[in-house]
Amino acid sequence: MKRFWGCLLLGGWLLSGSAAAEKVRVAGQRVNLRARADIKAEVVGQVEDGEVLEVRATRDDWLEVVPPENMDLWVHKDFVQGGVTIANKLQVRAGPGINYSVVGTLDKGQAVAPRGDFGEWLKIAPPPGASLWVARSYVEPLSAAKPKPLPPAAPTVAAAPTPAAVCRS
């Protein structure tokens with residue numbers, strides 16, 4: 001029975017996933033990207049009308065997105081030496097301080113792209129695992145390409161019944 005439920009869950013997960021990441025287009029001027037899926041969460045940056053964002057997940061009226069390359073995120077500079085993290089797990093934050101939300105993590109040895117600093121904090125390019133949130137009402141899905149229609153199936157001819165298949169009463 002456990003095997004049945006495991007196969008069912010795996011099959012549902014495979015069917016729900018897609019080979020290509022979903023993308024959306026920003027539909028508004030200076031749309032806020034937030035640290036959490038909450039209207040009261042700090043604003044990390046803004047995107048402009050027409051920009052395309054890659055969606056990681058959805059939650060109610062919010063989309064978790066990959067931060068654009070021009071977005072600045074922050075790590076504590078004591079845990080970066082020579083452009084590489086030295087902490088086992090380094091928290092990436094929305095701003096320069098521990099009061100800002102964590103928006104990702106970096107593993108020991110991962111490279112960071114510094115862009116500046118502020119006190120004890122280092123401004124960096126978004127690492128691959130970082131995520132920000134945008135309200136669903138400010139984006140629209142990109143038009144998916146229509147799949148090519150399948151060619152018509154060749155007509156099948158039913159085989160005549162064999163003498164053994166004929167019933168006699």
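These legends accompany several views of a predicted model of one protein chain.

**View 1. The whole chain and its strands.** Welcome to the overall picture: the protein chain carries 14 strands and 1 helix. It runs to 169 residues, and 31% of them count as buried. The accessible surface of the protein chain adds up to about 11,900 Å², with 57% of that belonging to carbon and sulfur atoms. Taking contacts between residues at least 6 apart in sequence, 57% join residues at least 24 apart.

**View 2. Val44 in strand 3.** Here we zoom in on Val44, a residue of strand 3, which spans residues 43–47. Is Val44 buried or exposed? Its relative accessibility is 14%, and the cut-off for buried is under 20%, so Val44 counts as buried.

**View 3. The surroundings of Val44.** Which residues are in contact with Val44, once neighbours within four places in sequence are set aside? They are Leu33, Arg34 and Ala35, then Met71, Asp72 and Leu73, and finally Ala94 and Leu132. Ser101 is worth finding too: 57 residues separate Val44 from Ser101 in sequence, while their C-alpha atoms are 9.6 Å apart in space.

**View 4. Confidence along the chain, with residues 1–19.** The protein chain has a mean pLDDT of 82, and 72% of its residues reach 70 or more. Over residues 1–19, however, the pLDDT is below 50, and this stretch has 0 contacts in the model beyond near neighbours in sequence. A friendly caution applies to this view: where pLDDT is low, predicted coordinates should not be read in detail.

Note on methods. Residues are numbered from 1 along each chain as its sequence is written. This is a predicted model: local features need pLDDT of at least 70, side-chain atom pairs count only at pLDDT 80 or more; totals for chains, interfaces and linings use all residues. Side-chain values use heavy atoms; hydrogens and water are left out. Helices (H or I, at least four residues) and strands (E, at least two) are DSSP runs, numbered from the N terminus. Buried means under 20% relative accessible area, exposed over 50%, partly exposed in between (1.4 Å probe, protein chains only). Contact means heavy atoms within 4.5 Å. Accessible areas come from the Shrake-Rupley method with a 1.4 Å probe; for residues, only the protein chains shown count as cover. pLDDT is the predictor's confidence in each residue, from 0 to 100.
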